[in-house]
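Colleague: I would like to go through this model with you and ask what stands behind each label. Please keep the answers brisk.

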Amino acid sequence: MTKTVVIVGAGFTGLPLAHKLLIYTAPKIQDGLKIILISPNSHFYWNLAATRGLVPGALPDDKLFFPIQPAFAKYPEQNFEFLLGKATRIDTEKNSVQVLCNSGANRDVSYDHLVIATGSSVAGGLPFKSLGSHETTLRSLHALQDEIRNAREIVVAGAGPTGIETAGELAAAYGNKKKVTLLIAADRVLHSFQPLQTVSQQIEGDLKKLGVNLIHNAKVQTAEKTEGGQTVIKLMNGNTITADCYIPLFGIQLNNAWITESFLDSSGSVTLDRYMRVEGTSNIWGIGDIGNLEAKQVVASDAQIIHLAGALDLVLTGKADKLKEHKPAERKTIFISLGKQHGTGQIGWWKVWGWMVVYIKGRNIFTDMAANYVAGKQLRHASM
C-alpha cells in the first residue's frame, strides 16, 4: 500500500525536504510513496532578499517569488500533490490533517508520516515572510514599497539581523535623501545573538558611514498612527519619535495556531526529540523555526533538512533501528550585508572579512540561486 508523507509548509525547509524525498526515497519504496505538500502560498518567497526587495525598484517581483507547482512538474502525479490551503487541525487518532483549501472547501488529508514545517512570521504582519496567500504577501510588499517611496523619515525598530540589514539597505539606496533611524533596544546591535564585540562595532560603524541614525537603549513602548499618516513612537525611556514610515522588526510569531497544544513548549515552539520527532509521537516530525532544537535562523535549516530526509528514508524503508540523533550546530554563524558595499559576519569565533560577505551575500542576497533551490536542483544554500 502506498505510503504518504504530508508536509505542512512550503518554505525553506518543507519545500527542499519534499524534493529530497521524491528524488532519493520514492524510488526505494516498492508499494509507492506519495508526498503531499500543503501551503496557502502558490509561490515560494525568497525572503532572504526581502530587506532589499522592500526598496522600490531594487528587485523585481520575479526575483523574490517563484511558482511552486512548476517546480514539481517533473515528478509523477502518483508521487506528488501540491495542496493550496491552510492546515487547521491535527487529528492524531485518525492520522489526518484538516485543511481549509484556498477554494473554500475543507479536506481531511491522511498521512503515514506528518512533517510540521510552518515556520514563523514577523510580528505585526510585515511582508518579510509570507502572509497567507501569495497575493496577500505581494500586496503588502507593494504597499510597503509605496510607503517607503513617499517617506522622508523612516524608523526601523529592532537591531537583529533583519532590522540591521533593512536600515542598511534603505540608507544605501537613498543616502541623505531620506533620514533612516535604527532603534536599538540594548547597548549594541545583535545583542541577543551575543556576537563578537568587533562584529557589532563593525556593523555600527558601517551603518554610520551609510548615514543611519543609531539610537541605543531605545525600547518601543507604543506606536500609534496619526490622522496625517505618520507614526508616533513612544520609547520606554519617555522619548518620542515621529516617522513617515515605521518598520517594527523585533520579535517573531510562530505559525502554530493549528498545532495540537500538547505538542508545544512554553514559548510556543514544537517540542522535538533528539531525532526531530514530536515528543510523544511516533510519526510526526518538526523542522525549521517551528521546532525547539535550535536558534530560529535559516543557517540551521541545511543540517535539519539533511537529517530529517535521512530519518524519514530510514523509517519508510524499514530501517528505523538505524536512526541517528540530530546534533544542533554549535558554531555560531552570522552574515550581515548592508547594501552592496558593506558587510561583516562571524563563523564560530572568527570575524569574517567584510569583502567576503559583500562578495558572497551583498551583491545579490543569493537571488541567483533561488530558482534552482525552488526547482530542487540546488538543495543546499550558502551560509546566510
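Modeller: Start with β1 and strand β2 (residues 33-39), which run parallel and are joined by six bridges. Bear in mind that this is a predicted model.

Colleague: What makes β1 and β2 a pair?

Modeller: Two strands pair if there are at least two bridges between them. β1 and β2 have six bridges, so they pair. One of the contacts to look at is threonine 4, whose bridge partner in β2 is lysine 34.

Colleague: Which other strand is joined to β1, and by how many bridges?

Modeller: Strand β8 (residues 113-116) is joined to β1 by four bridges, and the two run parallel. Here valine 5 has histidine 113 as its bridge partner.

Colleague: Why is the unit of β1, helix α1 and β2 called right-handed?

Modeller: The label is used if, with the strands pointing away from the viewer, the path from the first strand over the helix to the second runs clockwise. The unit made by β1, α1 (residues 14-25) and β2 is a right-handed β-α-β unit, so its path runs clockwise in that view.

Colleague: Why is strand β1 called mostly covered?

Modeller: Buried means under 20% relative accessible area. In β1 (residues 3-8), five of the six residues are buried, so the strand is mostly covered.

Colleague: What does isoleucine 7 touch?

Modeller: Leaving out residues up to four places away in sequence, its contacts include Leu17, Leu21, Ile36, Ile38 and Val115. Ile7 is also among the residues of the largest nonpolar core that touch the most other members, along with Trp46, Phe72, Ile164, Leu170, Leu182 and Ile247. That core has 87 residues. Helix α6 (residues 301-316) gives the largest share of this core, eight residues.

Colleague: What makes a set of residues a core?

Modeller: The members are buried nonpolar residues joined through side-chain atoms within 4.5 Å. A second, separate core has 23 residues, including Leu83, Trp258, Phe263 and Ile284. In soluble globular proteins, nonpolar side chains tend to be buried together.

Colleague: Why is isoleucine 365 called buried?

Modeller: The cut-off is under 20%. Isoleucine 365 is at 0% relative accessibility, so it counts as buried. This residue lies in the loop between α7 (354-362) and α8 (367-374). Isoleucine 365 has a positive phi of about 50 degrees, although it is not a glycine.

Colleague: Why is asparagine 95 called partly exposed?

Modeller: Partly exposed runs between the 20% and 50% limits. Asparagine 95 has a relative accessible area of 28%, so it falls in that range. Its phi is positive too, at about 55 degrees, and it is not a glycine. Asparagine 95 is in the loop between β5 (80-91) and β6 (96-101).

Colleague: What about glutamine 230: buried, partly exposed or exposed?

Modeller: Glutamine 230 has a relative accessible area of 33%, so it is partly exposed by the 20% and 50% limits. It lies in the loop between β13 and β14. Its contacts include Glu224, Lys225 and Thr242, not counting residues up to four places away in sequence.

Colleague: Which strands are the edges of the sheet with β13, β14 and β15, and what makes them edges?

Modeller: The order is β13-β14-β15, the sheet is open and the pairing is antiparallel. β13 (220-225) and β15 (240-243) are the edge strands: each pairs on one side only. Neighbouring strands are turned by 20 degrees against each other on average, direction ignored.

Colleague: How do you know that β14 and β15 pair?

Modeller: Four bridges join β14 (residues 231-235) to β15, and pairing needs at least two, so they pair. Valine 232 has threonine 242 as its bridge partner in β15.

Colleague: What is the order of the four-strand open sheet?

Modeller: The order is β12-β11-β10-β16, with parallel pairing. The edge strands are β12 (213-215) and β16 (245-248). The twist averages 15 degrees from one strand to the next.

Colleague: How do you know that β10 and β16 pair?

Modeller: Strand β10 (residues 153-157) and β16 share four bridges, against a requirement of at least two, so they count as paired. Isoleucine 154 has cysteine 245 as its bridge partner in β16. Helix α4 (residues 161-174) lies across β10, β11 (179-183) and β16, at about 170 degrees to β11.

Note on methods:
Residues numbered from 1 in each chain as written. Predicted model: local features only at pLDDT ≥ 70, side-chain atom pairs only at ≥ 80, totals over all residues. Heavy atoms only, no water. Axes fitted to C-alpha atoms, helices over the stretch in contact; angles between N-to-C directions. Buried < 20%, exposed > 50% of the residue type's maximum accessible area, 1.4 Å probe, protein only. Contact = heavy atoms within 4.5 Å.
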